[in-house]
Amino acid sequence: MISREPTIERLATAQELLLAPFGLDESHLTRALSEMAAHWVDDADLYFQYTRSEGWSLEEGIVKTGSFSIDQGVGVRAVSGEKTAFAYSDDISESSLLDAARTVRAISSAGRSAKVKTPARRVAASRALYGGIDPIATLDSTAKVQLLEKAERLARARDPRIVQVMAGLAAEYDVVLVARLDGTLAADVRPLVRLSITVIAEQNGRREVGSGGGGGRFGLAYFDDEQVRTYVEQAVSTALVNLESRPAPAGEMTVVLGPGWPGILLHEAVGHGLEGDFNRKGSSAFSGRIGQRVAAKGVTVLDDGTLADRRGSLNIDDEGHASQRNVLIEDGILKAYIQDSLNARLMGVKPTGNGRRESYAHVPMPRMTNTYMLGGDRDPKEIVASIERGLYATNFGGGQVDITSGKFVFSASEAYWVEKGKVLYPVKGATIVGNGPEALKRVKLIGNDMALDSGVGTCGKEGQSVPVGVGQPTLRIDGLTVGGTA
């Protein structure tokens, strides 16, 4: 059997699912793009998408819900200057495509006519970071139910104080096709799976919650016995630790953040502020600061969409550009912002492979992929031992950030009080308050244990949600404000 090159294979899959069933081919895409270019526009694209998703959830020992859905459609966009005209339809047909193209071309200033020669077709370069499999088909329904039941059994067997277990399994098969005014044709086939486990522990009338889980761009066979045990242990351990927690002290203090998922603080407090649209408009705390020191020496922050099988990774972004490994902050110096096509053009730079959208019904914008800080040379135990009086936070819940000021607030879901280098007891109700740029300048020690999260992140921006990854090593940050209940 002769296999095709991955880029060509993905393009063939996309054409088979998104064009052929509706009597479309590349000539119809060229005609729609030509219709948009009949009035002068700076950019235009077509974004076709087919998404099949499935979800199962278990509660109180039984699988209570199961869902299956198919969604497909096309988004049509024309850009003139800073203005964007956008239309979308779940009817993929020649007439709908041409109607949408004629509608959005009105964005052109004064409706100027233009005679444009459509560029020759060019298959965009892309990566091969994950297999083009349909993860829904990698386990049958019986095996999916058994997987959730296994998670519950393991959690209840782990400790008699576990009184409730909730588990969820999700799988998605996403196929996209992008055609651009410059002749670019690109496609991607994106599998995505996630297993989540939440437990409730009870002791002497007190109840606490713990959660665990993970996933990525692969099949459901990833969730073998060892992986499920890892997630269960994470959830149960958090819940049991919190049963022993005391009210968190408040005040300004040293905070040490654990590796992996605590990188969500970096994502929110710093990552959003480095997105191109906020900086083009001057509304970010990092606007106009390229080349300046914005963090302590040793702090290097990347947004990297090229990591194999990761939840936030992409072979191409949603504008047809290959994903990239972008160095945003290097040794404390601000090097770059992440860009989509519109903001890159207006800022006079190249796109960085970060044009992302939730679906065909949404416009693309600069969004993160996998955002993380590189590791340093310090032993994590040494970093914790360096705390005179402060907080050691190993897991986080929700948080929010004000892009303009850089101020953030995060709640720690698992944290410990430390004095004279000794971990004394777990605390509950700790919120960490600070300013993103200032917090980066106060990084004092960087661990050698950089880790990525387990594959659970979803980022929201302007009403759109996309899967992302985060990561960091153990970090010591001085002078953060901790809000507590003690």
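The lining of the largest cavity here has ten nonpolar residues, two polar ones and no charged ones. That is where I would like to start, and please keep in mind that the model is predicted.

How much space lies in the largest cavity? About 90 Å³. Its lining is made of Leu257, Leu265, Leu266, Val270, Met373, Gly436, Ala439, Leu440, Val443, Gln472, Leu475 and Ile477. Three elements give two or more residues each to that lining: α6 (264-271), α10 (436-441) and β24 (475-483). The two polar residues in the lining are Gly436 and Gln472, with Gly counted as polar.

How many cavities of 30 Å³ or more are there? The count comes to two, so let me turn to the other one.

The second largest cavity has a volume of about 40 Å³. Ala269, Gly273, Ser284, Ala285, Phe286, Val401, Asp402, Ile403 and Gly406 line it. By class, this lining divides into five nonpolar residues, three polar and one charged. The charged one is Asp402.

Now for a hairpin, away from the topic of cavities. Strand β6, residues 184-203, and strand β7, residues 206-216, run antiparallel and are joined by eleven bridges. Which residue of β7 stands opposite arginine 194? That is glycine 215. Two residues sit between the strands of this hairpin, and asparagine 204 takes a positive phi near 55 degrees. As a general point, side chains in a regular strand alternate between the two faces of the sheet.

To recap: two cavities of 30 Å³ or more, and a hairpin of β6 and β7 with two residues between its strands.

Terms used
Residues numbered from 1 in each chain as written. Predicted model: local features only at pLDDT ≥ 70, side-chain atom pairs only at ≥ 80, totals over all residues. Heavy atoms only, no water. 1 Å grid on protein atoms, 1.4 Å probe; cavity = no way out; pocket = protein on both sides within 12 Å on 5 of 7 lines; lining within 4 Å. Points joined across faces, edges and corners; volume = space filled by probe spheres on them. Helix = DSSP H or I, 4+ residues; strand = E, 2+ residues; numbered from the N terminus. Pairing = 2+ DSSP bridges.
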